[in-house]
Structure formats: C-alpha cells, structure tokens
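Student: Please show me the sequence and the structure. Then I will ask why certain terms are used.

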Amino acid sequence: MKALILVDIQNDFVPGGALAVNNGADIIPVIHTIMPHFELIVATQDWHPLSHESFAANHPGEKTGNVIDLHGLPQILWPVHCVQHTKGAEFVESLDMSRVNRIFHKGTDKTIDSYSGFFDNGRRGATGMGEFLMNQGVKEVYVVGLATDYCVKYTAMDAVSLGFKTVLIEDACRGVNLQPGDVTKAIEEMRRNGVEIVDSSVFR
Ligand code: VGL
Ligand code: ZN
C-alpha cells in the first residue's frame, strides 16, 4: 500500500503569502495529475499559534532569517505565517482537498518548531501521521509540497527513519532557497539519506 503526502500547501507558502515560495503554486496542477494514482492521501498543515516562538516578531530586536537558540535547538526566525484559523493557514483554494483522507497539524506547540509532518524538530512529540500510515498498512510514501528545503525535506527523511520506502516527486515541490543552492543541497541530502528522487512523469 502506498500513500501520497501533501506537505504544507497553504496560502502563506504561495505567492502573495507571508512566507511565499517562488512559483509555489505551480505544483498544484502537477499534484492533480498524480492524485488519481493513490488510494490514500494525507496532508500536513503548518498550524501555529500567534505566539509561536519561531516568529521573529515574538523576539524584540531580532529579524527574519536570524538564527537563535530556542529552548536548546537552533531556530531560524520566520515571518508570522500559518497562524491557526487565518486565511494564510488555509490550503490553497485550487488544491483538490476532496481526495485527501486525513489532515495532520504541526507546529502547534509555541515552544518548538516542526518542519517534519511526523515529529517536531526535537522529536519530542509526534503528529500521529506515522502511526496512522502504519495502521493503514502503508509501506511506501510519496512526498510532494512546500518547501523542498524545509518541511518537505524533514518529512521525507523522517519517513525513511520510520521504515517507509520514501519517494520525492521533485517537480511537485518548490523550495525557499534562503541561500542560493539550498534546494539542490536538500535534494542531495535526501538522496544520501535513502529518499528516492523521481519526476511526476513516472505517473504518465
Ligand atoms: C515551513 C518554515 C517555517 C515549510 C514551515 O513548510 O517548509 N518552513 N514553517
Ligand atoms: Zn511554520
């Protein structure tokens, strides 16, 4: 049994959003061509309280892009994004959510960020997605979404660590590239960690 994981396809991560990923919305038609090949589809939703400590605005004197020590973990400071119950946190309207079986929220604990859709960055808590997929008999996961160099990368690498055969569909992802080359590096890191990298053309 295989499952498709949609990572953080939310308004704040596409052009016009608070943490927009270049060409982020271009993945949506690609994902629509892939969806019919899956019986099980799950989605992650970055879902922060306004007080989330990954927001630069919650650290007077700090700005977006700075790295701080957050309760023992290095934390990149982000603009305020994906605040619970706001427009920015909603799934992009053109995405067909009718095919999505379950949604998993992440980043709800204000004291720790959560790039992966499985665990927070300290592996202190789980979202329940891993257990859900295992209970459904899933052995193989295909990962798509935003952003390649953060939430997609950590989700894919955690999937490997949980024992899933893990495939990244590269053209169904886009990245932030805070530093030029970050996306390329993220793809290489995933490959090194056992993630198979493919193009959506394998489904045609
Ligand atoms: C993400 C930074 C902060 C992502 C989420 O979805 O890649 N990046 N929160
Ligand atoms: Zn976030």
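Tutor: On a 1 Å grid over the protein atoms alone, a pocket is an open set of points where a 1.4 Å probe fits, with protein on both sides within 12 Å along at least five of seven lines; lining residues have an atom within 4 Å of a point. A volume is the space filled by probe spheres set on the points, joined across faces, edges and corners. The model is predicted: local features need pLDDT of at least 70 and side-chain atom pairs 80 or more, while totals for chains, interfaces and linings use all residues. Residues are numbered from 1 along each chain, ligands from 1 in the order written, and side-chain values use heavy atoms, without hydrogens or water.

Student: How much space lies in the largest pocket, and what lines it?

Tutor: About 160 Å³. Its lining includes L73, P74, Y150 and Y154, and β4 gives the largest share, four residues.

Student: What makes D46, H48 and H81 donors of the zinc ion (ligand 2)?

Tutor: Donors are N, O and S atoms within 2.8 Å of the metal. The atoms of D46 (OD), H48 (NE2) and H81 (NE2) lie 2.0 to 2.2 Å from the zinc ion, so they qualify.

Student: Why is this site called irregular?

Tutor: Four donors count as tetrahedral if all angles lie between 85 and 135 degrees, and as square planar if opposite donors are over 155 degrees apart and all others between 65 and 115; anything else is irregular. The angles here run from 89 to 169°, so the site is not tetrahedral, and it is classed as irregular.

Student: How do you know that D46 is buried?

Tutor: Buried means under 20% relative accessible area (1.4 Å probe, protein chains only). D46 has 3%, so it is buried; H81 is also at 3%.

Conventions: Donors are N, O and S atoms within 2.8 Å of the metal (3.2 Å for Na, K and Ca); water is not among the atoms, so sites may look incomplete. Four donors count as tetrahedral if all angles lie between 85 and 135 degrees; four count as square planar and six as octahedral if opposite donors are over 155 degrees apart and all others between 65 and 115; anything else is irregular. Buried means under 20% relative accessible area, exposed over 50%, partly exposed in between (1.4 Å probe, protein chains only). Helices (H or I, at least four residues) and strands (E, at least two) are DSSP runs, numbered from the N terminus.
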